[in-house]
Amino acid sequence: MGHSDRGLRRLAAGTLLAAFGGTSAPDWVLRGLEDGLGGVTLFGFNVGEPAALGALTAALRAAGDPVISLDEEGGDVTRLAYHVGSPYPGNAALGAVDDTGLTRRVYRAIGSELAACGVTLDMAPDADVNTAADNPVIGTRAFGDDPALVARHTMAAVEGLQAMGVAACVKHFPGHGATTVDSHLAVPVVDVPLDVLRSRELVPFQAAIAAGTKSIMTAHVAVPVLTGDRPATLSPAAITGLLRDDLGYRGVVISDALDMQAITDGVGLAGGAVLSLAAGADLLCLGPKPGPDDVERIIAEIVAAVRDGRLAAARLEEAAARTQALRLWSGSRAGAPAEPVTVGLDAARRAVRLDGSPGPLKDPLVVELDTPPTIAVGDVPWGVAPWLPQAEVVRVRPAEASAADLLGRAVDRSLLVVVKDAHRYADSRALVSELVTARPDAIVVEMGLPVWRPGGAAYIATYGAARANAQAAMELLTV
(Lines give C-alpha, C1' and ligand atoms only; values in the text may rest on other atoms or scores of the structure.)
Protein backbone atom coordinates (compact mmCIF):
# COMPACT_ATOMS: atom_id res chain seq x y z
CA MET A 1 0.00 0.00 0.00
CA GLY A 2 1.42 3.36 -1.02
CA HIS A 3 2.12 6.18 1.41
CA SER A 4 3.06 9.73 0.55
CA ASP A 5 6.34 10.80 2.10
CA ARG A 6 4.43 13.17 4.34
CA GLY A 7 1.92 10.52 5.41
CA LEU A 8 4.65 8.01 6.15
CA ARG A 9 6.61 10.63 8.14
CA ARG A 10 3.51 11.37 10.25
CA LEU A 11 2.99 7.65 10.92
CA ALA A 12 6.63 7.30 11.99
CA ALA A 13 6.50 10.40 14.22
CA GLY A 14 3.27 9.09 15.76
CA THR A 15 5.13 6.20 17.39
CA LEU A 16 7.41 8.45 19.45
CA LEU A 17 7.12 9.77 23.01
CA ALA A 18 9.74 12.52 23.18
CA ALA A 19 11.21 14.21 26.26
CA PHE A 20 12.67 17.68 26.73
CA GLY A 21 14.36 19.83 29.38
CA GLY A 22 12.72 22.62 31.34
CA THR A 23 9.24 23.38 32.63
CA SER A 24 7.80 24.78 29.40
CA ALA A 25 7.40 23.19 25.97
CA PRO A 26 10.20 24.03 23.52
CA ASP A 27 9.33 25.07 19.96
CA TRP A 28 10.69 21.84 18.46
CA VAL A 29 8.24 19.79 20.55
CA LEU A 30 5.26 21.99 19.66
CA ARG A 31 6.20 21.84 15.96
CA GLY A 32 6.70 18.09 16.28
CA LEU A 33 3.19 17.67 17.73
CA GLU A 34 1.77 19.64 14.79
CA ASP A 35 3.59 17.18 12.51
CA GLY A 36 2.16 14.11 14.22
CA LEU A 37 4.55 13.37 17.13
CA GLY A 38 2.86 10.71 19.28
CA GLY A 39 3.35 12.45 22.60
CA VAL A 40 5.76 13.20 25.41
CA THR A 41 7.18 11.64 28.54
CA LEU A 42 7.64 14.09 31.40
CA PHE A 43 10.38 13.76 34.02
CA GLY A 44 11.04 15.35 37.41
CA PHE A 45 12.91 18.25 35.78
CA ASN A 46 9.76 19.18 33.80
CA VAL A 47 7.59 19.43 36.91
CA GLY A 48 7.30 22.71 38.79
CA GLU A 49 4.19 23.71 40.70
CA PRO A 50 0.99 21.78 39.85
CA ALA A 51 -0.41 24.89 38.16
CA ALA A 52 2.72 25.17 35.99
CA LEU A 53 2.40 21.51 35.03
CA GLY A 54 -1.23 22.15 34.02
CA ALA A 55 -0.11 25.06 31.84
CA LEU A 56 2.59 22.89 30.23
CA THR A 57 0.20 20.05 29.37
CA ALA A 58 -2.38 22.58 28.04
CA ALA A 59 0.27 24.04 25.71
CA LEU A 60 1.16 20.54 24.50
CA ARG A 61 -2.50 19.73 23.85
CA ALA A 62 -3.01 23.00 21.96
CA ALA A 63 -0.28 21.94 19.51
CA GLY A 64 -1.53 18.45 18.70
CA ASP A 65 -3.12 15.38 20.24
CA PRO A 66 -0.34 14.05 22.45
CA VAL A 67 -0.22 11.12 24.81
CA ILE A 68 1.16 12.85 27.93
CA SER A 69 2.92 10.33 30.13
CA LEU A 70 5.15 10.20 33.18
CA ASP A 71 6.33 7.72 35.82
CA GLU A 72 4.24 8.26 38.94
CA GLU A 73 4.50 5.01 40.87
CA GLY A 74 4.09 6.61 44.28
CA GLY A 75 6.78 5.70 46.78
CA ASP A 76 10.36 6.05 45.60
CA VAL A 77 9.64 6.70 41.91
CA THR A 78 7.79 10.00 41.71
CA ARG A 79 7.69 12.86 39.22
CA LEU A 80 4.90 15.03 40.65
CA ALA A 81 6.68 15.19 44.00
CA TYR A 82 10.24 14.85 42.65
CA HIS A 83 11.49 17.81 44.68
CA VAL A 84 9.93 16.87 48.04
CA GLY A 85 9.21 13.13 47.99
CA SER A 86 5.88 11.39 47.42
CA PRO A 87 2.84 11.64 49.74
CA TYR A 88 2.02 8.05 48.71
CA PRO A 89 3.82 4.92 49.84
CA GLY A 90 5.07 2.72 47.03
CA ASN A 91 4.08 -0.79 46.06
CA ALA A 92 6.16 -2.65 48.65
CA ALA A 93 4.25 -0.91 51.45
CA LEU A 94 0.90 -1.63 49.78
CA GLY A 95 1.88 -5.25 49.32
CA ALA A 96 2.87 -5.49 52.99
CA VAL A 97 -0.60 -4.26 54.02
CA ASP A 98 -2.18 -6.54 51.38
CA ASP A 99 -5.54 -4.74 51.22
CA THR A 100 -6.49 -4.46 47.54
CA GLY A 101 -9.15 -1.86 48.40
CA LEU A 102 -6.42 0.35 49.87
CA THR A 103 -4.21 -0.14 46.80
CA ARG A 104 -7.13 0.83 44.57
CA ARG A 105 -7.75 3.99 46.64
CA VAL A 106 -4.08 5.04 46.59
CA TYR A 107 -3.94 4.66 42.81
CA ARG A 108 -7.25 6.51 42.44
CA ALA A 109 -5.72 9.38 44.41
CA ILE A 110 -2.60 9.35 42.21
CA GLY A 111 -4.83 9.17 39.13
CA SER A 112 -6.94 12.13 40.20
CA GLU A 113 -3.82 14.26 40.77
CA LEU A 114 -2.46 13.30 37.35
CA ALA A 115 -5.79 13.95 35.61
CA ALA A 116 -5.98 17.39 37.24
CA CYS A 117 -2.53 18.20 35.78
CA GLY A 118 -3.47 17.02 32.29
CA VAL A 119 -1.47 13.77 32.30
CA THR A 120 -3.19 11.04 30.26
CA LEU A 121 -0.97 8.00 30.87
CA ASP A 122 0.87 6.86 33.99
CA MET A 123 3.81 4.51 33.49
CA ALA A 124 2.63 2.46 36.47
CA PRO A 125 2.01 0.16 38.21
CA ASP A 126 5.19 -1.88 38.43
CA ALA A 127 3.99 -5.49 38.18
CA ASP A 128 7.37 -7.15 38.63
CA VAL A 129 7.62 -10.09 41.02
CA ASN A 130 10.72 -9.14 43.01
CA THR A 131 12.27 -12.58 43.41
CA ALA A 132 15.91 -11.34 43.52
CA ALA A 133 16.48 -9.67 46.89
CA ASP A 134 19.53 -7.91 45.43
CA ASN A 135 17.52 -6.43 42.54
CA PRO A 136 19.14 -3.02 41.94
CA VAL A 137 16.31 -1.47 39.96
CA ILE A 138 12.99 -2.88 41.29
CA GLY A 139 13.09 -3.55 45.07
CA THR A 140 10.43 -1.48 46.84
CA ARG A 141 8.86 -0.66 43.46
CA ALA A 142 7.35 -4.18 43.45
CA PHE A 143 4.33 -5.24 45.50
CA GLY A 144 6.32 -8.26 46.67
CA ASP A 145 7.80 -11.62 45.72
CA ASP A 146 4.60 -13.69 45.56
CA PRO A 147 3.03 -13.81 42.06
CA ALA A 148 -0.56 -14.07 43.33
CA LEU A 149 -0.14 -11.07 45.67
CA VAL A 150 1.52 -9.00 42.96
CA ALA A 151 -1.26 -9.96 40.53
CA ARG A 152 -4.15 -8.90 42.77
CA HIS A 153 -2.53 -5.56 43.62
CA THR A 154 -1.57 -4.90 39.98
CA MET A 155 -5.23 -5.39 39.10
CA ALA A 156 -6.34 -2.99 41.86
CA ALA A 157 -3.79 -0.37 40.76
CA VAL A 158 -4.92 -0.55 37.12
CA GLU A 159 -8.56 -0.20 38.18
CA GLY A 160 -7.74 2.74 40.45
CA LEU A 161 -5.82 4.76 37.85
CA GLN A 162 -8.22 4.04 35.01
CA ALA A 163 -11.29 4.91 37.10
CA MET A 164 -9.86 8.45 37.09
CA GLY A 165 -9.45 8.51 33.31
CA VAL A 166 -5.68 8.00 33.38
CA ALA A 167 -4.35 5.07 31.36
CA ALA A 168 -2.25 2.54 33.26
CA CYS A 169 1.00 1.18 31.81
CA VAL A 170 1.90 -2.09 33.52
CA LYS A 171 5.64 -2.80 33.52
CA HIS A 172 8.18 -4.31 32.81
CA PHE A 173 7.05 -7.15 30.50
CA PRO A 174 7.88 -10.06 30.66
CA GLY A 175 9.29 -9.36 34.15
CA HIS A 176 12.25 -7.47 35.62
CA GLY A 177 12.00 -8.96 39.12
CA ALA A 178 14.52 -11.80 38.90
CA THR A 179 17.46 -9.62 37.82
CA THR A 180 20.53 -8.31 39.60
CA VAL A 181 21.57 -6.02 36.71
CA ASP A 182 20.11 -2.55 36.08
CA SER A 183 18.88 -2.38 32.46
CA HIS A 184 19.69 1.32 32.40
CA LEU A 185 23.30 0.13 32.18
CA ALA A 186 23.35 -3.32 30.50
CA VAL A 187 21.05 -6.14 29.37
CA PRO A 188 19.95 -8.24 32.36
CA VAL A 189 19.25 -11.92 31.67
CA VAL A 190 16.37 -13.84 33.24
CA ASP A 191 17.48 -17.36 32.40
CA VAL A 192 14.45 -19.41 33.39
CA PRO A 193 12.36 -21.98 31.50
CA LEU A 194 9.02 -20.89 30.05
CA ASP A 195 7.00 -22.77 32.68
CA VAL A 196 8.71 -20.73 35.43
CA LEU A 197 8.04 -17.53 33.51
CA ARG A 198 4.36 -18.51 33.16
CA SER A 199 3.91 -19.45 36.82
CA ARG A 200 5.77 -16.42 38.18
CA GLU A 201 6.59 -13.39 35.99
CA LEU A 202 3.56 -13.54 33.71
CA VAL A 203 0.85 -13.97 36.37
CA PRO A 204 0.53 -10.23 37.19
CA PHE A 205 0.52 -9.31 33.48
CA GLN A 206 -2.34 -11.73 32.86
CA ALA A 207 -4.22 -10.10 35.75
CA ALA A 208 -3.53 -6.65 34.28
CA ILE A 209 -4.84 -7.73 30.88
CA ALA A 210 -7.97 -9.11 32.57
CA ALA A 211 -8.38 -5.75 34.36
CA GLY A 212 -8.30 -3.97 30.99
CA THR A 213 -4.97 -2.16 31.24
CA LYS A 214 -4.66 0.34 28.40
CA SER A 215 -0.91 -0.17 27.99
CA ILE A 216 1.97 -2.47 28.91
CA MET A 217 5.67 -1.54 28.96
CA THR A 218 8.40 -3.87 27.75
CA ALA A 219 11.59 -4.61 29.69
CA HIS A 220 15.10 -4.42 28.25
CA VAL A 221 15.57 -7.89 29.72
CA ALA A 222 16.69 -10.96 27.79
CA VAL A 223 14.89 -14.25 28.47
CA PRO A 224 17.10 -16.67 26.50
CA VAL A 225 14.44 -19.37 26.06
CA LEU A 226 12.15 -16.74 24.50
CA THR A 227 14.23 -13.86 23.14
CA GLY A 228 17.73 -15.34 22.71
CA ASP A 229 20.24 -12.66 23.67
CA ARG A 230 17.92 -9.84 22.59
CA PRO A 231 16.10 -7.72 25.15
CA ALA A 232 12.32 -8.23 25.13
CA THR A 233 11.85 -4.66 23.83
CA LEU A 234 13.38 -5.81 20.50
CA SER A 235 11.93 -9.34 20.46
CA PRO A 236 9.00 -10.37 18.21
CA ALA A 237 8.79 -13.62 20.22
CA ALA A 238 8.19 -11.64 23.43
CA ILE A 239 5.87 -8.89 22.17
CA THR A 240 4.00 -10.45 19.23
CA GLY A 241 4.33 -14.12 20.13
CA LEU A 242 3.91 -14.17 23.90
CA LEU A 243 2.07 -10.94 24.79
CA ARG A 244 -0.22 -10.61 21.77
CA ASP A 245 -0.78 -14.15 20.50
CA ASP A 246 -0.49 -16.22 23.71
CA LEU A 247 -1.82 -13.80 26.33
CA GLY A 248 -4.30 -12.15 23.95
CA TYR A 249 -3.32 -8.57 24.71
CA ARG A 250 -4.86 -5.98 22.34
CA GLY A 251 -3.86 -2.67 23.94
CA VAL A 252 -0.88 -0.39 23.42
CA VAL A 253 2.63 -1.77 23.92
CA ILE A 254 5.14 0.89 25.02
CA SER A 255 8.89 0.34 24.97
CA ASP A 256 10.92 1.19 28.06
CA ALA A 257 13.21 4.17 27.42
CA LEU A 258 15.25 3.51 24.27
CA ASP A 259 18.12 5.72 25.50
CA MET A 260 19.04 3.12 28.12
CA GLN A 261 22.40 1.46 27.51
CA ALA A 262 20.81 -1.98 27.20
CA ILE A 263 19.60 -0.71 23.80
CA THR A 264 22.01 2.03 22.70
CA ASP A 265 25.17 -0.03 23.32
CA GLY A 266 23.88 -2.77 21.00
CA VAL A 267 21.80 -1.42 18.13
CA GLY A 268 21.76 2.35 18.68
CA LEU A 269 18.79 4.62 19.23
CA ALA A 270 17.34 4.71 15.71
CA GLY A 271 18.14 1.04 15.11
CA GLY A 272 16.45 0.16 18.38
CA ALA A 273 13.35 2.14 17.38
CA VAL A 274 12.97 0.20 14.11
CA LEU A 275 13.57 -3.19 15.76
CA SER A 276 11.13 -2.44 18.59
CA LEU A 277 8.38 -1.42 16.15
CA ALA A 278 9.05 -4.50 14.03
CA ALA A 279 8.85 -6.65 17.17
CA GLY A 280 5.36 -5.27 17.91
CA ALA A 281 5.74 -2.12 20.04
CA ASP A 282 3.28 0.73 19.32
CA LEU A 283 4.75 3.68 21.21
CA LEU A 284 8.46 4.21 21.84
CA CYS A 285 9.51 5.96 25.01
CA LEU A 286 12.71 7.77 24.04
CA GLY A 287 13.85 8.69 27.56
CA PRO A 288 15.41 11.99 28.66
CA LYS A 289 18.63 11.98 26.60
CA PRO A 290 17.53 12.30 22.92
CA GLY A 291 17.02 15.86 21.63
CA PRO A 292 15.42 17.28 18.45
CA ASP A 293 18.20 16.05 16.14
CA ASP A 294 17.93 12.52 17.53
CA VAL A 295 14.16 12.57 17.05
CA GLU A 296 14.62 13.65 13.40
CA ARG A 297 17.14 10.84 12.87
CA ILE A 298 14.80 8.26 14.42
CA ILE A 299 11.88 9.36 12.22
CA ALA A 300 14.11 9.25 9.11
CA GLU A 301 15.34 5.76 10.03
CA ILE A 302 11.76 4.46 10.52
CA VAL A 303 10.76 5.89 7.13
CA ALA A 304 13.85 4.35 5.50
CA ALA A 305 13.06 0.98 7.11
CA VAL A 306 9.55 1.00 5.60
CA ARG A 307 10.97 2.00 2.19
CA ASP A 308 13.56 -0.81 2.18
CA GLY A 309 11.24 -3.47 3.59
CA ARG A 310 12.72 -3.95 7.10
CA LEU A 311 9.48 -2.64 8.60
CA ALA A 312 5.98 -3.15 7.20
CA ALA A 313 3.89 -0.02 6.69
CA ALA A 314 0.96 -2.05 8.03
CA ARG A 315 2.82 -2.36 11.36
CA LEU A 316 2.95 1.46 11.64
CA GLU A 317 -0.75 1.71 10.77
CA GLU A 318 -1.61 -0.85 13.43
CA ALA A 319 0.44 1.08 16.00
CA ALA A 320 -1.29 4.33 15.00
CA ALA A 321 -4.74 2.74 15.34
CA ARG A 322 -3.97 1.41 18.83
CA THR A 323 -2.58 4.75 19.98
CA GLN A 324 -5.61 6.55 18.54
CA ALA A 325 -7.94 4.21 20.46
CA LEU A 326 -6.01 5.09 23.63
CA ARG A 327 -6.43 8.82 22.92
CA LEU A 328 -10.15 8.42 22.32
CA TRP A 329 -10.51 6.51 25.60
CA SER A 330 -8.62 9.23 27.50
CA GLY A 331 -10.72 11.98 25.95
CA SER A 332 -13.99 10.26 26.77
CA ARG A 333 -13.30 9.62 30.44
CA ALA A 334 -14.71 11.83 33.13
CA GLY A 335 -12.90 11.02 36.36
CA ALA A 336 -14.73 9.60 39.35
CA PRO A 337 -14.81 11.63 42.61
CA ALA A 338 -11.31 12.20 43.97
CA GLU A 339 -9.84 10.34 46.93
CA PRO A 340 -8.57 12.44 49.85
CA VAL A 341 -4.80 12.82 49.59
CA THR A 342 -4.54 11.54 53.17
CA VAL A 343 -5.11 8.04 51.79
CA GLY A 344 -1.34 7.96 51.19
CA LEU A 345 -0.51 8.62 54.83
CA ASP A 346 -3.18 6.15 55.96
CA ALA A 347 -1.57 3.50 53.77
CA ALA A 348 1.95 4.28 55.04
CA ARG A 349 0.72 4.04 58.65
CA ARG A 350 -0.81 0.64 57.97
CA ALA A 351 2.39 -0.59 56.30
CA VAL A 352 4.95 0.46 58.89
CA ARG A 353 6.17 -2.31 61.23
CA LEU A 354 7.79 -1.83 64.64
CA ASP A 355 9.66 -4.65 66.34
CA GLY A 356 10.85 -3.97 69.90
CA SER A 357 9.86 -1.18 72.29
CA PRO A 358 11.91 2.00 71.94
CA GLY A 359 11.92 4.35 74.92
CA PRO A 360 10.97 8.03 74.69
CA LEU A 361 13.32 10.10 72.54
CA LYS A 362 15.91 12.20 74.34
CA ASP A 363 17.82 14.85 72.33
CA PRO A 364 18.01 12.41 69.42
CA LEU A 365 20.94 12.00 67.05
CA VAL A 366 19.78 10.62 63.69
CA VAL A 367 22.42 8.96 61.51
CA GLU A 368 21.18 8.54 57.94
CA LEU A 369 23.29 6.22 55.78
CA ASP A 370 23.52 7.68 52.33
CA THR A 371 22.46 5.25 49.60
CA PRO A 372 23.21 5.85 45.93
CA PRO A 373 19.98 6.66 44.08
CA THR A 374 18.98 4.42 41.17
CA ILE A 375 18.45 5.95 37.75
CA ALA A 376 14.72 5.18 37.84
CA VAL A 377 14.29 6.97 41.16
CA GLY A 378 16.61 9.89 40.43
CA ASP A 379 17.69 12.25 43.19
CA VAL A 380 14.49 12.49 45.22
CA PRO A 381 14.94 13.72 48.80
CA TRP A 382 14.37 11.11 51.51
CA GLY A 383 14.92 10.77 55.23
CA VAL A 384 13.22 11.57 58.53
CA ALA A 385 14.42 15.14 59.20
CA PRO A 386 11.07 16.86 58.34
CA TRP A 387 9.29 14.79 61.01
CA LEU A 388 11.87 15.16 63.80
CA PRO A 389 12.52 18.91 63.91
CA GLN A 390 14.13 18.61 67.36
CA ALA A 391 16.74 16.08 66.18
CA GLU A 392 20.28 16.53 64.96
CA VAL A 393 20.47 14.71 61.62
CA VAL A 394 23.75 13.65 60.06
CA ARG A 395 23.93 12.05 56.62
CA VAL A 396 27.01 9.84 56.27
CA ARG A 397 28.59 7.71 53.55
CA PRO A 398 28.96 4.29 55.20
CA ALA A 399 32.41 3.60 53.73
CA GLU A 400 33.77 6.89 55.08
CA ALA A 401 31.97 7.12 58.42
CA SER A 402 33.56 6.50 61.80
CA ALA A 403 31.35 4.54 64.17
CA ALA A 404 33.45 5.70 67.12
CA ASP A 405 32.90 9.34 66.18
CA LEU A 406 29.17 8.87 65.78
CA LEU A 407 28.90 6.97 69.08
CA GLY A 408 30.83 9.77 70.80
CA ARG A 409 28.30 12.31 69.52
CA ALA A 410 25.42 10.11 70.73
CA VAL A 411 26.44 9.81 74.38
CA ASP A 412 23.42 10.27 76.71
CA ARG A 413 21.19 10.77 73.66
CA SER A 414 18.73 8.63 71.71
CA LEU A 415 20.38 7.14 68.62
CA LEU A 416 18.39 6.53 65.41
CA VAL A 417 20.07 4.81 62.48
CA VAL A 418 18.25 5.19 59.15
CA VAL A 419 19.14 2.93 56.21
CA LYS A 420 17.74 2.15 52.78
CA ASP A 421 18.15 -1.41 51.44
CA ALA A 422 20.93 -2.32 53.90
CA HIS A 423 20.87 -5.88 52.53
CA ARG A 424 22.37 -4.56 49.28
CA TYR A 425 25.37 -2.72 50.81
CA ALA A 426 28.03 -4.45 52.91
CA ASP A 427 29.37 -1.07 54.11
CA SER A 428 25.93 -0.13 55.44
CA ARG A 429 25.51 -3.44 57.28
CA ALA A 430 28.96 -3.15 58.87
CA LEU A 431 28.33 0.37 60.15
CA VAL A 432 24.83 -0.44 61.47
CA SER A 433 26.15 -3.56 63.23
CA GLU A 434 28.94 -1.61 64.89
CA LEU A 435 26.58 1.12 66.09
CA VAL A 436 23.96 -1.33 67.39
CA THR A 437 26.54 -3.53 69.13
CA ALA A 438 27.72 -0.51 71.13
CA ARG A 439 24.18 0.85 71.56
CA PRO A 440 21.66 -2.00 71.85
CA ASP A 441 19.05 0.67 72.68
CA ALA A 442 19.49 2.25 69.22
CA ILE A 443 16.52 2.35 66.87
CA VAL A 444 17.12 1.12 63.32
CA VAL A 445 14.78 2.44 60.61
CA GLU A 446 14.90 0.50 57.32
CA MET A 447 13.36 2.55 54.49
CA GLY A 448 14.00 -0.01 51.76
CA LEU A 449 13.12 -3.69 51.82
CA PRO A 450 13.48 -5.22 55.31
CA VAL A 451 15.61 -8.15 54.16
CA TRP A 452 18.49 -7.73 56.62
CA ARG A 453 18.30 -6.57 60.21
CA PRO A 454 20.82 -6.35 63.02
CA GLY A 455 20.12 -8.25 66.23
CA GLY A 456 19.02 -6.45 69.37
CA ALA A 457 17.85 -3.02 68.41
CA ALA A 458 14.31 -1.78 68.04
CA TYR A 459 13.60 -2.05 64.32
CA ILE A 460 11.17 -0.11 62.15
CA ALA A 461 10.42 -1.22 58.58
CA THR A 462 8.67 1.33 56.35
CA TYR A 463 8.76 -0.57 53.01
CA GLY A 464 9.74 2.58 51.14
CA ALA A 465 11.39 5.98 51.44
CA ALA A 466 8.56 8.26 50.38
CA ARG A 467 7.60 11.23 52.57
CA ALA A 468 4.54 9.37 53.79
CA ASN A 469 6.66 6.38 54.87
CA ALA A 470 9.04 8.61 56.86
CA GLN A 471 6.19 10.42 58.58
CA ALA A 472 4.48 7.15 59.56
CA ALA A 473 7.74 5.82 61.04
CA MET A 474 8.47 8.91 63.10
CA GLU A 475 4.91 9.04 64.46
CA LEU A 476 5.64 5.71 66.15
CA LEU A 477 8.44 7.39 68.10
CA THR A 478 6.93 10.77 68.87
CA VAL A 479 3.27 10.11 69.67
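**Note on the predicted model: helix packing, barrel, open sheet and salt bridges**

1. Helix α1 passes helix α14 in a left-handed crossing. The model is predicted. Packing between α1 and α14 is at an angle of about 55°, and the axes lie 9 Å apart. The two helices are therefore oblique to each other. α1 covers residues 5–13, and α14 covers residues 313–332.

2. Both helices also take part in salt bridges. In α1, arginine 9 meets glutamate 296 side chain to side chain, at 3.2 Å from N to O. Glutamate 296 belongs to helix α13 (residues 292–307) and arginine 9 to α1, so this salt bridge ties together parts that are 287 residues apart in sequence. How accessible are the partners? Glutamate 296 is partly exposed, at 42% relative accessible area. Arginine 9 is also partly exposed, at 29%.

3. In α14, the residue to look at is arginine 322. Its side chain forms a salt bridge with that of aspartate 282, with N to O at 2.8 Å. Aspartate 282 sits in the loop between α12 (269–279) and β8 (283–285), and the partners are 40 residues apart. Are arginine 322 and aspartate 282 buried or exposed? Both are buried.

4. The barrel deserves a look next. Eight strands close it, in the order β1-β2-β3-β4-β5-β6-β7-β8. The pairing is parallel. One of its pairs is β3 (residues 67–70) with β4 (residues 121–122), held by two bridges in the parallel sense. Leucine 70 has aspartate 122 in β4 as its bridge partner.

5. Two cis peptide bonds should be checked in the viewer. One joins alanine 124 and proline 125, with omega about 0°. Proline 125 lies in the loop between β4 and α6 (147–163). Another runs from lysine 171 to histidine 172, with omega near 0°. Histidine 172 is part of strand β5 (residues 167–173).

6. Lysine 171 comes up again in a salt-bridge network. Shared partners join Asp71, Glu73, Asp126, Arg141 and Lys171 into one network. The whole structure holds 28 salt bridges.

7. Next, the open sheet. Which strands form it, and in what order? Six strands do, in the order β9-β14-β13-β12-β10-β11, and the pairing is mixed. The edges are β9 (353–355) and β11 (392–396), each pairing on one side only. On average, neighbouring strands are turned by 15° against each other, direction ignored.

8. Within this sheet, β10 (residues 365–369) and β12 (residues 415–419) pair in the parallel sense over four bridges. Leucine 365 stands opposite leucine 415 of β12. β12 also runs parallel to β13, joined by four bridges. There, valine 419 has glutamate 446 in β13 as its bridge partner.

9. The connection from β12 to β13 goes over a helix. β12, helix α17 (residues 426–438) and β13 make a right-handed β-α-β unit. Just beyond the helix, arginine 439 forms a salt bridge with aspartate 441, side chain to side chain, at 2.8 Å from N to O. Arginine 439 is buried, with 14% relative accessibility.

10. Strand β13 (residues 443–446) is covered on both faces. Ile443 and Val445 lie on one side, Val444 and Glu446 on the other, and all are buried. β13 pairs with β14 (residues 458–461) in the parallel sense over four bridges. Valine 444 has tyrosine 459 in β14 as its bridge partner.

11. Finally, two residues with positive phi. Aspartate 98 has phi of about 55° although it is not a glycine. Its place is the loop between α4 (91–97) and α5 (100–116). Aspartate 98 is partly exposed, with a relative accessible area of 32%. Tyrosine 463 is not a glycine either, and has a positive phi of about 60°. Tyrosine 463 lies in the loop between β14 and α18 (467–478). With 18% relative accessible area, tyrosine 463 is buried, because the cut-off for buried is under 20%.

Note on methods: Residues are numbered from 1 along each chain as its sequence is written. This is a predicted model: local features need pLDDT of at least 70, side-chain atom pairs count only at pLDDT 80 or more; totals for chains, interfaces and linings use all residues. Side-chain values use heavy atoms; hydrogens and water are left out. Two strands pair if DSSP finds at least two bridges between them. Axes are lines fitted to C-alpha atoms, for helices over the stretch in contact, and angles run from 0 to 180 degrees between N-to-C directions. A salt bridge is a side-chain nitrogen of Lys or Arg within 4 Å of a carboxyl oxygen of Asp or Glu. Buried means under 20% relative accessible area, exposed over 50%, partly exposed in between (1.4 Å probe, protein chains only). A crossover is right-handed if, with the strands pointing away from the viewer, the path from the first strand over the helix to the second runs clockwise. Angles under 35 degrees count as roughly parallel, over 145 as roughly antiparallel, 65 to 115 as roughly perpendicular and the rest as oblique. A crossing is left-handed if the near helix is turned anticlockwise from the far one by less than a right angle, and right-handed if clockwise.
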